[in-house]
Every structure is written in C-alpha cells, then in structure tokens.
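User: I would like to learn how to read features off a model. Can we take them one at a time, general idea before the case?

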Amino acid sequence: MAASELPGAEFAYWALFIGVFVTAFYTFRMLFLVFFGESRMDKHTASHAKESPKVVTVPLVLLAVPSLIVGFLVIEPLLFGAYFDDSIRVLATHGAMATLEEQFKGAWGMFLYGWTTPVVWMALAGVATAAIMYLGMPKVLPPLFARVFAWPKRILEEGYGFDSFNNTVIAGGSRLLGRGLWKGADLGAIDGWLVNGSAKVVGSMARTWRLIQTGYLYHYAFVMILGLIGLLTWIVFVGA
C-alpha cells in the first residue's frame with residue numbers, strides 16, 4: 001500500500017499499480033504484433049526490410065548494457081546520499097522516502113525484494129494477457145474484446161475527444177483566422193486598397209489630367225489667362 005499520507009496518495013498508488021499492468025500489456029502486445037505471428041507485409045515491402053546498420057546497433061548496445069549496471073552503482077547515493085546535494089530536496093511531509101530508506105537493503109536486496117511484490121506479478125499478468133490474446137488466440141480474443149468494449153475503445157482511439165477538439169477548435173479556428181486575415185487584410189486591405197487602390201487613384205488622376213494636355217497652344221494660353229484672372233481676383237479682394 002501507499003507509504004505516503006498525503007491527500008491523493010492512495011489514488012496515485014492504485015493508478016500506478018494498474019498502470020503497471022497496462023504498460024506491460026501494450027508493450028508486449030507491440031512486441032508480439034511486430035516480431036511474432038503472421039506477417040502483415042506484402043512481398044514487395046518484405047524485400048526491402050533489412051537489419052539496422054552497425055552504426056545504429058553498436059551505439060544502442062553500448063548504451064543498453066551500462067544502463068543495466070549503472071542503477072546498481074548509483075541507486076543508494078541517488079536516493080539517500082548527496083548525489084544531487086541541495087539541488088533536490090525532499091520535504092519532511094513526504095514520508096514515503098523515509099519509509100523507503102528504512103526498508104532499503106542495498107541494490108541487490110531491493111532487486112530480490114521486488115520479485116516478491118504485487119507490482120511484478122501485475123507486470124507478468126500484463127505480459128501473459130498479451131501473449132494469450134496476440135499469440136494464443138489472435139483471431140478470437142482481440143475482435144471479441146473490440147466488440148464488447150466498443151465504447152471505451154472508441155473513446156481511447158479518439159483520445160478522449162481531445163483530438164477532435166484540437167482539429168475542430170484550435171486547428172479549425174487557426175485556419176479560419178488565417179483565411180480571414182488572408183482575404184480581409186492581405187487581399188482586401190493591402191493588395192486591394194493600399195497597393196492596387198493607390199495605383200488606381202494614380203491611374204485615374206493621370207487619365208483626368210491627360211484630357212487637359214491637348215497639345216494646342218491656344219488652350220494653354222487660355223488656361224494661363226484664367227489663372228492670371230484668378231490670381232488678380234485673389235489679390236484684389238482677399239489680399240486687400
């Protein structure tokens with residue numbers, strides 16, 4: 001049972017306890033589906049399948065082997081020593097670590113003790129369940145469970161509705177906003193009003209002024225006379 005007395009500790013314990021079964025189940029389900037049973041590849045795909053090159057395999061082996069050993073060497077200073085010094089502190093209210101320290105018998109003793117706990121048996125039960133379903137009766141049990149638990153299966157496949165929410169609200173809203181900015185701001189305001197609009201205004205003014213530029217001297221003289229009359233009128237009446 002949970003060694004902590006904090007609120008929610010009991011729920012966290014059972015959630016993790018059940019999670020051990022689920023993790024072992026889907027991990028070995030993936031293993032059995034990929035490497036055991038009937039092949040799901042056609043001949044063309046199988047002809048291209050090949051082992052990873054040594055440049056990938058050798059580093060993985062060199063990382064995997066020390067990872068199995070280093071835990072035995074650093075678990076005690078990591079949990080109860082000065083490995084992290086003052087960078088990580090466990091508050092006194094978290095009594096689970098104190099209980100663990102009292103019962104800790106070294107790395108090897110902890111390893112042997114782990115095999116007697118229900119957690120290991122839950123993990124083995126997950127492995128056995130995956131083996132029965134996907135190695136023993138792969139054509140019977142998985143379809144049966146899919147029919148019996150159709151509603152939970154649908155909820156899990158749809159990610160509790162978060163995928164649909166993200167696609168509809170967040171992604172859909174982003175696309176709608178982008179489309180609005182593209183049509184309203186880019187095409188309407190920038191291209192339509194600032195760029196093309198200013199070009200249309202200049203073009204319209206050019207067409208209007210072109211009508212005045214007739215090329216006849218007497219037209220220009222007439223315009224100059226009108227301008228002179230207007231200037232004199234302004235000086236006489238406004239200037240005075």
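**Reading features in a predicted model**

Analyst: Start with burial: Gly106 is buried, with 17% relative accessible area. The cut-off for buried is under 20%. Gly106 sits in helix H5. Keep in mind that this is a predicted model.

User: Which contrast shows the other end of the scale: is Phe11 buried or exposed?

Analyst: Phe11 is exposed, at a relative accessible area of 67%. The cut-off for exposed is over 50%. Phe11 belongs to helix H1.

User: How do sequence separation and spatial separation compare for Gly106 and Ile75?

Analyst: Read both numbers together. Gly106 and Ile75 are 31 residues apart along the chain, and their C-alpha atoms are separated by 8.5 Å. Now take Phe11 and Leu194. They are 183 residues apart in sequence and 62 Å apart in space, C-alpha to C-alpha.

User: Next, pockets. What is the general idea?

Analyst: Rolling a probe the size of a water molecule over the atoms shows where empty space is left. Here, the second largest pocket has a volume of about 620 Å³. Its lining counts 16 residues, and Phe25, Arg29, Met133, Tyr134 and Leu156 are the closest to the pocket centre.

User: Which elements give two or more residues to that lining?

Analyst: Four helices do so: H1 (9–35), H6 (118–136), H7 (141–148) and H8 (150–157). H1 gives the most to the lining of the second largest pocket, with five residues.

User: What is the make-up of the second largest pocket's lining by class?

Analyst: The lining has 12 nonpolar residues, one polar residue and three charged residues.

User: On to salt bridges. How many does a search of the whole structure find?

Analyst: The general idea comes before the count. Side chains of opposite charge can pair when their charged atoms come close. The search of the whole structure finds two salt bridges. One joins the side chains of Glu157 and Lys153, at 2.5 Å from N to O. The other pairs the side chains of Glu158 and Arg154, at 3.2 Å from N to O.

User: How are Glu157 and Lys153 placed along helix H8?

Analyst: Glu157 and Lys153 are four residues apart in helix H8, so about one helical turn separates them.

User: And how exposed are the residues of the two salt bridges?

Analyst: Take each bridge in turn. Glu157 counts as exposed, at 53% relative accessibility. Its partner Lys153 is partly exposed, with a relative accessible area of 36%. In the second bridge, Glu158 is partly exposed at 35%. Arg154 is also partly exposed, at 47%.

User: Last feature: the nonpolar surface patch. Which residues make it?

Analyst: Read a patch by its area, then its members, then the elements that supply them. This nonpolar surface patch covers about 1300 Å². The members are Val61, Val65, Leu68, Ile69, Phe72, Leu73, Trp108, Phe111, Leu112, Trp115, Trp121 and Leu124. Helix H3 (54–79), helix H5 (106–114) and H6 each give two or more residues to the patch. H3 supplies the largest share, six residues.

User: Where does Trp115 lie?

Analyst: Trp115 lies in the loop between H5 and H6. At 46% relative accessibility, Trp115 counts as partly exposed.

User: Which helices should I revisit when I look again?

Analyst: Go back to H6. H6 is among the helices lining the second largest pocket, and H6 also gives residues to the nonpolar patch. Then revisit H5, which holds Gly106 and contributes to the nonpolar patch.

How values were computed:
Residues numbered from 1 in each chain as written. Predicted model: local features only at pLDDT ≥ 70, side-chain atom pairs only at ≥ 80, totals over all residues. Heavy atoms only, no water. 1 Å grid on protein atoms, 1.4 Å probe; cavity = no way out; pocket = protein on both sides within 12 Å on 5 of 7 lines; lining within 4 Å. Points joined across faces, edges and corners; volume = space filled by probe spheres on them. Nonpolar A, V, L, I, M, F, W, Y, C, P; charged D, E, K, R; others polar. Salt bridge = Lys/Arg side-chain N within 4 Å of Asp/Glu carboxyl O. Buried < 20%, exposed > 50% of the residue type's maximum accessible area, 1.4 Å probe, protein only. Patch = residues over 30% accessible without salt bridge, like charges linked within 9 Å, V, L, I, M, F, W, Y side chains within 5 Å. Areas by Shrake-Rupley, 256 points an atom, 1.4 Å probe, with all protein chains shown as cover.
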